[in-house]
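Colleague: I'd like a close look at one part of this model, the site where the ligand sits and whatever is packed around it. Could you walk me through it?

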Amino acid sequence: MEKKEELYEGKAKVIFSTDNPNRSIMYFKDDATAFDGKKKGTINDKGVINNKISSEIFRFLEKNGVKSHFVEELSEREMLVKKVEIIPVEVIIRNIIAGSLAKRLGIEEGTKPGEVIIEFCYKSDELGDPFINEYVARAMGYATKEEMDEMTRVAFKVNELLSKFFDERGILLVDYKLEFGRSAEDNGAVLLADEITPDGCRLWDKVTKEKLDKDRFRRDLGGVEEAYGEVLKKVTE
Ligand code: C5P
């Protein structure tokens, strides 16, 4: 499958069209951004590592009944995916309180909530991905009730599967963001899309609680490449 034209360039990936109108190629860059693009940098070989991590995770999810846009790993930095229209609602799952929720509630990072938390944000860099709820998403036409229900159902299923997957590999899945899309085939069926990588997940070493994700870049902790490499090693071993 050959790349045709660039359809969209995001902060960490570029999407290309292909000869097949129902397939796209996702190219993973080394560019890293944080705080809605205000902090910029590069993480050496991040694109290669994230393509491998995400491919491995999508394959694992597929085997366990979660449908995603993933078709196959094409090359070091390229993934063949089903063409989707991204639903502009980011779904955040939190198993442990950290990041913006810790700040918002004024509690210490690392606190375990009584239940798994799901949050929604409106996908807009300009607005800084503002927090919304299901009523806003529906009322503003970002997603239908059926789509919100499906995204919620799949997000909880992904969480059960991935919490165990990472736990078995010595990693605590703290929180993460999922994106979904409407498939160009199958009448717009909702598919898990985007990527599942240390760019969009908080991953802590289970024992030492060392951060193995983009917080190392966001918070200038150093050892960013090493942390991503460590996650790849654990995900593929
Ligand atoms: O910043 P916050 O604590 O709300 O992020 C929760 C989780 O969602 C983190 O793992 C973060 O990496 C991810 N996230 C993301 N993209 C966003 C917002 C959050 O990947 N736009």
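To start me off, which side chain does the side chain of glutamate 119 make a polar contact with?

Modeller: Sure, and keep in mind that this is a predicted model. The partner is arginine 104: its side chain and that of glutamate 119 make a polar contact of 3.4 Å. Glutamate 119 lies in strand S10, residues 117-122, and is buried, with a relative accessible area of 5%. Its C-alpha atom is 5.0 Å from that of isoleucine 92, although the two residues are 27 apart along the chain. Setting aside residues up to four places away in sequence, glutamate 119 touches Glu90, Val91, Ile92, Arg94, Leu101, Arg104 and Phe131.

One name on that list, Arg94, takes us to the ligand. The ligand is surrounded by 15 residues, and the closest are Arg94, Ser100, Asp129, Asp175 and Arg202. By class, that shell has eight charged, three polar and four nonpolar residues. Four elements each supply at least two of the shell residues: strand S9 (89-94), helix H2 (99-105), strand S12 (171-183) and strand S14 (201-205).

Now for the distances. An N or O atom in the side chain of arginine 94 is 2.7 Å from an oxygen atom of the ligand. With serine 100, a side-chain N or O atom is 2.5 Å from a ligand oxygen. At aspartate 129 the ligand atom is a nitrogen, 2.8 Å from an N or O atom of the side chain. Taken alone, the ligand exposes 450 Å², and the protein buries 81% of that.

Arginine 94 deserves a longer look. This residue is found in strand S9, and at a relative accessible area of 4% it counts as buried, because the cut-off is under 20%. Besides the ligand oxygen, a polar atom of the arginine 94 side chain has the backbone oxygen of alanine 98 at 3.2 Å. Leaving out residues up to four places away in sequence, arginine 94 touches Ser100, Leu101, Arg104, Pro113, Val116, Ile117, Glu119, Val174, Asp175 and Arg202. So if you're tracing the site on screen, arginine 94 touches both Glu119 and Arg104, the two residues whose side chains make the polar contact you asked about.

Next comes arginine 202, also among the closest residues to the ligand. Arginine 202 lies in strand S14 and is buried, with a relative accessible area of 12%. Apart from its neighbours within four places in sequence, arginine 202 is in contact with Arg94, Ala98, Gly99, Leu172, Leu173, Val174, Asp175, Asp213, Asp215, Arg218 and Arg219. That list includes Arg94 and Asp175, both among the residues closest to the ligand.

From arginine 202 you can step out to arginine 218, one of its contacts. Arginine 218 lies in helix H5 and counts as partly exposed, at 24% relative accessibility. Its side chain is joined to that of aspartate 215 by a polar contact of 2.6 Å. Aspartate 215 is also in contact with arginine 202. Leaving aside neighbours within four places in sequence, arginine 218 is in contact with Ala34, Phe35, Lys39, Asp199 and Arg202. Lysine 39 is 179 residues from arginine 218 along the chain, yet their C-alpha atoms are separated by 7.8 Å.

Helix H5 (215-218) leads to one more piece, helix H6: H5, S12 and S14 are among the elements that cover the buried residues of H6, as are H1 and helix H4 (145-167). The buried residues in H6 are Val224, Ala227, Tyr228, Val231, Leu232, Lys234 and Val235. The 13 residues of H6 (residues 224-236) should span 18 Å at 1.5 Å a residue, and the end C-alpha atoms are 19 Å apart, which agrees. Helix H1 (residues 46-63) is mostly covered too, with 13 of its 18 residues buried. For H1, the expected span is 26 Å and the end C-alpha atoms are 26 Å apart, so the two agree. Just after H1, glycine 65 takes a positive phi of about 85°.

There is a backbone detail to check in the loop between S13 and S14. Most residues other than glycine have a negative phi. Aspartate 194, in that loop, has a positive phi of about 60° although it is not a glycine. Aspartate 194 counts as buried, at 12% relative accessibility.

How values were computed. Residues are numbered from 1 along each chain as its sequence is written. This is a predicted model: local features need pLDDT of at least 70, side-chain atom pairs count only at pLDDT 80 or more; totals for chains, interfaces and linings use all residues. Side-chain values use heavy atoms; hydrogens and water are left out. A residue is near a molecule or strand if one of its heavy atoms lies within 4 Å of it. A polar contact is a pair of N or O atoms within 3.5 Å; within protein, one must be able to donate a hydrogen and the other to accept it, and residues adjacent in sequence count only if both atoms are side-chain atoms. Accessible areas come from the Shrake-Rupley method with a 1.4 Å probe; for residues, only the protein chains shown count as cover. Ala, Val, Leu, Ile, Met, Phe, Trp, Tyr, Cys and Pro count as nonpolar, Asp, Glu, Lys and Arg as charged, and the others, Gly among them, as polar. The expected span of a helix is 1.5 Å times one less than its number of residues. Buried means under 20% relative accessible area, exposed over 50%, partly exposed in between (1.4 Å probe, protein chains only). Contact means heavy atoms within 4.5 Å.
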